[in-house]
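Here is a short set of exercises to work through with the model open beside you. Try each task before you read its solution.

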Amino acid sequence: MVHLAEAKSNKSYEHQKSSLHKELINFPSSLPVPKTLPSASPSDIKKFLVRKDNSGKTIVHLLDCPGLGQRQRVSCSCPTRLAAGTVDNLIGKLRSIFVEEGLGGEWDD
């Protein structure tokens, strides 16, 4: 039974990674100056990550927001971002995708 749960979990991870892979491959072609993934600059990849972050669901309250520090959900206009664990998971998948694309190795800041 545990083996079945692990297989289902791996399948879900692979599906998410495959979906992210397609999204990442298509992203550079949507830039003002279309590119391919191998020709994308670090700045282009940062734009991809910012776009992903802006689609998050975790509310980051501003210092003057009445919802700051509240446990219950407050209706406010504060920005939403990806949760830290989601970002960690996303980075791991991206590293794996870059390796599969032959773009792995040390990142050059």
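**Exercise 1: The overall layout**

How many helices and strands does the protein chain have?

*Solution.* Start with the ground rules. This is a predicted model, where local features need pLDDT of at least 70 and side-chain atom pairs count only at pLDDT 80 or more, while totals for chains, interfaces and linings use all residues. Residues are numbered from 1 along each chain as its sequence is written, and side-chain values use heavy atoms, with hydrogens and water left out.

Step 1: count the elements. There are 3 helices and 2 strands in the protein chain; these are DSSP runs numbered from the N terminus, with helices being H or I over at least four residues and strands E over at least two.

Step 2: put them in order. Going from the N terminus, you meet α-α-β-β-α.

Step 3: look at the cover. The chain has 109 residues, and 21% of them count as buried (under 20% relative accessible area; exposed is over 50% and partly exposed is in between, with a 1.4 Å probe and protein chains only).

**Exercise 2: The core**

Find the largest nonpolar core: which elements give two or more residues to it?

*Solution.* Step 1: know what to look for. A nonpolar core is a set of buried Ala, Val, Leu, Ile, Met, Phe, Trp, Tyr and Cys residues joined through side-chain atoms within 4.5 Å.

Step 2: find the members. The largest such core has 13 residues, and Leu 20, Leu 24, Ile 45, Phe 48, Leu 94 and Phe 98 have the most contacts inside it.

Step 3: trace them to their elements. Helices α1 (2-26), α2 and α3 (84-100) each give two or more residues, and α3 gives the most, with 4 residues.

Step 4: zoom in on one member. Leaving aside neighbours within four places in sequence, Leu 24 is in contact (heavy atoms within 4.5 Å) with Leu 37, Ile 45, Phe 48, Leu 94, Ile 97 and Phe 98.

**Exercise 3: A pair of rings**

Look for the aromatic pair: which parts of the chain does it tie together?

*Solution.* Step 1: count. The structure holds 1 aromatic pair. Rings of Phe, Tyr and Trp (its six-membered ring) pair if their centres lie within 6.5 Å; planes under 30 degrees apart count as stacked, over 60 as edge-to-face and the rest as tilted.

Step 2: check the geometry. The ring centres of Phe 27 and Phe 48 are 5.4 Å apart and the planes stand at 65 degrees, so this pair is edge-to-face.

Step 3: place the partners. Phe 27 sits in the loop between α1 and α2 and Phe 48 in helix α2, so the pair ties together parts that are 21 residues apart in sequence. Phe 27 and Phe 48 are both buried.

**Exercise 4: A charged residue under cover**

Is Asp 44 buried or exposed, and what does its side chain reach?

*Solution.* Step 1: locate Asp 44, which lies in helix α2 (residues 42-53).

Step 2: check its cover. Asp 44 has a relative accessible area of 4%, so it is buried.

Step 3: follow the side chain. It makes a polar contact with the side chain of Lys 35 at 2.7 Å, and it reaches the backbone nitrogen of Ser 41 at 2.9 Å. A polar contact is a pair of N or O atoms within 3.5 Å; within protein, one must be able to donate a hydrogen and the other to accept it, and residues adjacent in sequence count only if both atoms are side-chain atoms.

Step 4: list the company. Apart from neighbours within four places in sequence, Asp 44 is in contact with Phe 27, Leu 31 and Lys 35.

**Exercise 5: Cysteines without a bond**

Why does Cys 65 form no bond with Cys 78?

*Solution.* Step 1: count. The structure holds 0 disulfides (pairs of cysteine sulfur atoms within 2.5 Å).

Step 2: check Cys 65. Its closest cysteine sulfur, in Cys 78, is 3.5 Å away, so the sulfurs are too far apart for a bond.

Step 3: try Cys 76. Its sulfur is 3.7 Å from the closest cysteine sulfur, again in Cys 78, and that is too far for a bond.

Step 4: add the cover. Cys 65 is buried at 10% relative accessibility, whereas Cys 76 is partly exposed at 29%.
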